[in-house]
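Me: I'd like a close look at just one part of this protein, please. Take it slowly, since I'm in my first year.

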Amino acid sequence: MDVGTTEIQPLWFNCDWAGELPGSLQQQLKKPRQIPVLVAHRDEVIIGWVSLVDRSNTLHQLYVEPGHRRQGVGTRLFRCLVSLMLDYGAAGIRLQPDMPGNSAAGYFLASIHAGVVPTDSVISLKSWVPATQQRIHSLQKALGIPAAYGISRGLRLREDADELTDIGLDCWQRQQKMLPRAAAAWSLMQHSAANDNVTLLPISAFRSIDYQTRLIERKLAAGQDIESILQVSAAPGFSEHHSGRAIDITDGICEPLENEFAASKAFQWLKFNAEDFGFYMSYPQDNPYGIIWEPWHWCWSAE
Ligand SMILES: [Zn+2]
């Protein structure tokens, strides 16, 4: 059989699969916060999947339909899962002793790790993790941030922007910076808004991983616990502000970083026009990331 026509697709926080879902996968996707699932499909028919236990780095199931086994589908699913987990900052995968399809997962892991892999253990992904991400893992550990932080929130790892340019002063007269292409888009958007008599001012744009680390260290030193801190601040390595693409915006009238911005003329203007400049609201109301609604936070997503 031609294995090349098999496609792998994440059904991550949405389940917009048009075709039929196998029964046990249907059960898994019924949960209110959907679990991370990757499906393999051939001719629009799902022939296998791999899933994680809800909001954790624990392997839940690796399954391939009997007629499609021994064709490399499981290995591809597992490899895609590993690369997806790395994108979300995971440092290891935990196996459970009673996991359905455990022998298959164990087999694939063993083939990759060239040895027997015991269940109920964490398999390190270290050999796949680039050095920059390893640094973030150490930071996470030192600050007491849970290992499954990225997976549980659906937040991707972000590296510091490698090139930055000034975008002018923010509402507190500090120089702000963005990725050059994002800065150009911001400047166009700001001028276009001004032509419509709408003021857009930066509150904060680029913020480095080190900056975010110091911020969290200060809060810890002041006696706050890490759980409460992570409700308002992103963990270092997971803020869109690292990328130089995100910008927090005010109109110079509203209190910065407050919901009242959503009632402003500037916000209405952004809602109708920002997309034309490549800017999107990252955390709308009821977003799947467990992050409060941030009407002020916009990210340049064009390439
Ligand atoms: Zn922001």
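Reply: Let's settle on β3 and start at one of its ends. β2 and β3 make a hairpin, with two residues between them. In that turn, D43 has a positive phi of about 50 degrees. Before going on, keep in mind that this is a predicted model: local features need pLDDT of at least 70, side-chain atom pairs count only at pLDDT 80 or more, and totals for chains, interfaces and linings use all residues. Residues are numbered from 1 along each chain as its sequence is written.

Now for the strands themselves (DSSP E runs of at least two residues, numbered from the N terminus; helices are H or I runs of at least four). β2 covers residues 37–42, and β3 covers residues 45–52. They pair (DSSP finds at least two bridges) in the antiparallel sense, over six bridges. To spot one of these partnerships, find R42: its bridge partner in β3 is V45.

β3 has another neighbour too. That's β4, residues 59–64, which runs antiparallel to β3 and is joined to it by five bridges. Try finding G48 this time, whose bridge partner in β4 is V64. β3 and β4 also form a hairpin, this one with six residues between the strands. In that turn, R55 has a positive phi of about 55 degrees. So β3 pairs with β2 and with β4.

How covered is β3? Mostly: six of its eight residues are buried (20 or more other C-beta atoms, placed from the backbone, within 10 Å of a residue's own; exposed is 12 or fewer, partly exposed in between). For the chain as a whole, buried residues make up 35% of the 303 residues.

A helix makes a handy companion to look at, so glance at α6, residues 180–195. Its buried residues are A182, A183, A185, W186, M189 and A193. They sit on the same side of α6, because they cover an arc of only 160 degrees around the axis. On the other side of α6 you'll find H191, A194 and N195, which are exposed. Among the elements packed against the buried residues of α6 are β7 (165–169) and β8 (175–178). Just after α6, N197 takes a positive phi of about 60 degrees.

Finally, zoom out. The protein chain has nine helices and twelve strands, with β2, β3 and β4 among those strands.

Methods. Expected span 1.5 Å × (residues − 1). Arc of directions from axis to C-beta. Contact = placed C-beta atoms within 7 Å.
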